[in-house]
Amino acid sequence: MHLIPWEEERIQLFAAAELARRHRAAGLLLNHPEAVALICDAMLEAARAGASYEAVEAAGLAEVEPSEVIPGVRELLTEVRLEVLVGDGARLIVLLDPLGRGELPDRFGPGALVLGDLEDREVNAGREAIDLAVTSQSRRRIRVSSHYPFHRTNQRLEFDRAAADGFRLDVPSGAYIGWEPGETKIVRLVRVAGSSGKAAR
Amino acid sequence: MTRISAQEYRERYGATTGDRIRLGDTNLWVRVQEDRSAPGDEPIWGYAKNLRMRMTQDDSAAGPSELDVLIAGVVVIDPVLGVIKADIGIKDGRIAGIGRAGSPLISDGIDLVVGPHTKPYMGYGLIATPGAVDSHVHTITPELLAPALSGGVTTIITAGFEEPPFAMERVLAGVEDWPLNIGLQAGARALDEEHMDALLAAGAVGFKIHEDNGAYPDLIDHVLRYADAHECSVSLHTDGLHESAELEDTVAAIGSRTVHAYHVEGVGGGHVPDLLGLVREPSVLCSSTTPTLPFGVSTAVEHVPMIMLNHGLSYAVPDDVALVHERVLPARMAAEGPLHELGAIGIINSDSQGMGRIGETTRRAMQLAHVMKAWRRSSASEGIPGLPLDEGLADPDDRDDTSRVLRYLAKVTIEPSITHGIADHVGSLQVGRLADIVLWRPGFFGVKPEWIFKGGFPAWGALGEGNASLERSEPTRYRADWGGRPEAAPKGAVNFVTGAADRSALARRLGTRRALVPVRGLRGLTRSSLALNQATAPVDIDIRTGAVALGGRPLAVAPVSEVPLSRRYLLR
């Protein structure tokens, strides 16, 4: 057989799924590893039978009904990540909230986060801000992220670069703003904080 | 200034001050007490993210001022620090700070500098705790090491039977390539000092007195005198037969000196039926062990075969069977949980493979916290003096159990670390401690960790199949990460020894690549030296049944038939 690790790992999934099938047939509600194993096994079997990538995904999503798991398992099972062998080779499939069926999770389920403060959050509060008109002369879409030094952006963005020195976009950390070809946007910039922000003042 | 919704803020950066997180499927909620992250300048690695040159990375920081490792945006749950949303900075394998990471060039208040040589890990949405310290481990077989790590244990203190020196050398050699700290307590089996000197020279951190090797008053006195002179730990399993001593004699032999009393509920061994009387003694630091916690409907029945087979007894000998039944008294197991709730028993440890389950050290602590929360809401706890604050009782509509979670987490982290003189190194995520960090998804807290950092580097975790295009593809299983591989593991793990040992001679003899770290500050400790479990309890014990009372009220929790962190998570 010359089983490679990939194949041995799939036997492990199969064994767990067989166990889960037995438990399900006996009328037991499934736990987290059982549900994951069944979903994985359904996708591996669909792929083995020649199903398309999309059909494999669908098989995974259809395998376990939310009513078949112990309450709370749906909230634990946020993602299944699996590689299957479809016609064009090994492919990654990621199922998000595979037991969700579009329903909201239990607000107080296992691992729940209950917000103490429901107010909108102010980001970059108290920083010096300027508004600049920025026009893209590019033939391609341009995106600029939160902390990129704005005066150093792609030369195809036209704006008052001297005014922008020491500033960055006023968006949440890790967010960004995009320009379509020829688009003009008025963006708000904030002065960076820290020692370079102070030096500029 | 820009505005984002409360929900989007948490989706991007995780919980913040005032938010509550439910731990696993328990009834326990923690509240984030403080958020140290940089608002607007949170360091995030990835496509279109900001952890790069000229952004939240300080390009001028290469060298001594920059972090080696950053774990960004985690909720730290630490028995000393509390519940804090923060970035964890690591330098030279130790905690550089729990604070605000990024570039001081563009952000205010940065105390953890990210440079071009900083290795970033994204912890947004995860919980970080100190690695658990299991202070009662019998190294019966090496099979216990993988479950220990998979349950978040990163330090083990052994409980005797590792001696003599040649055997200790083999055990230490066998642990060398595992990402766990270890301290060997050797059995004290004779009154002469030469034999004890040899054990310390071989790397022992202290001594275990065990009735199966003799727990006589003169041995207790001798070992404690030796320990006071040589700054080493003493752990005690008392004389259950009353062959040489009863409780009062043991207490007299201890003579108000510091000792760590193992499984004080007594079912794990020791004075029948009143070993729990040790909770009255301030110098006795008390622990109890995984198999009796929390007290369940099957606890008593499983203990008969467990004790029979663990202690060399025979089912064919009726007297042996009777001896065991005497020891398994439900009344004292019923009192064990309430004494943990009071803080009079301060430590939970596994008693691994000597009647305990090492992978469940943290899990059982959290299960117990859950069960005792329910007990506090029952009439059984009414009128009992000295019970600590329970926030959830004060305001059931806005419930959180932060102090409860910290008290129980302390039982497997900081309390055993203080007790064994290693709190400068492990048991909390304070600055300067080894960066032994367990990362949890909140829904799996206490039962299945995501990732274990040992000495500041990923060493163990639920790793996925190796051919996959992404990490953590199914089947995910607990395995060594890079920091847990041979040759790498000793760079992040230490052996605890005493100051009395000649460390360079020992290192040469063992051929170890680990740091040998002396224990200190462990003599003269009392209950009040512990962090969050400082109570002494003037209990009354019924000498016939072992039933315990405090302030005239029975101290008992009913056995539970179901625990959290169990069926939902474990295959079968």
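Which strand of chain A pairs with strand 1 of chain B, and in which sense, parallel or antiparallel?

## Strand pairing

Strand 4 of chain A, residues 121–123, is the partner. The two strands run antiparallel and share three bridges. Within this pairing, A:Glu122 sits opposite B:Arg3 of strand 1. The model is predicted.

## Extent of the interface

Chain A contributes 68 residues to the contact, and chain B contributes 61 residues. About 5,200 Å² is buried between the two chains. Carbon and sulfur atoms account for 53% of that area. On the chain B side, the residues that lose the most area to chain A are B:Met1, B:Arg568 and B:Leu571. Together they make up 14% of what that side buries.

## Polar links

Five salt bridges are counted between chain B and chain A. One of them joins B:Asp41 to A:Arg127. The closest N and O atoms of that pair are 2.9 Å apart. Polar contacts across the interface amount to 38 residue pairs, with both residues at pLDDT 80 or more.

## The chain B side

Three elements of chain B each supply at least two residues to the side that touches chain A: strand 1 (2–4), helix 1 (6–13) and strand 2 (20–22). Helix 1 gives the most, with six residues. Strand 1 is also the element that pairs with strand 4 of chain A.

By class, the side of chain B that touches chain A holds 23 nonpolar, 23 charged and 15 polar residues.

Definitions and conventions
Residues numbered from 1 in each chain as written. Chains lettered and ligands numbered in written order. Predicted model: local features only at pLDDT ≥ 70, side-chain atom pairs only at ≥ 80, totals over all residues. Heavy atoms only, no water. Contact = heavy atoms within 4.5 Å. Buried area = accessible area lost by both parts, 1.4 Å probe. Salt bridge = Lys/Arg side-chain N within 4 Å of Asp/Glu carboxyl O. Polar contact = N/O pair within 3.5 Å; in protein donor to acceptor, adjacent residues only side chain to side chain. Helix = DSSP H or I, 4+ residues; strand = E, 2+ residues; numbered from the N terminus. Nonpolar A, V, L, I, M, F, W, Y, C, P; charged D, E, K, R; others polar. Pairing = 2+ DSSP bridges.
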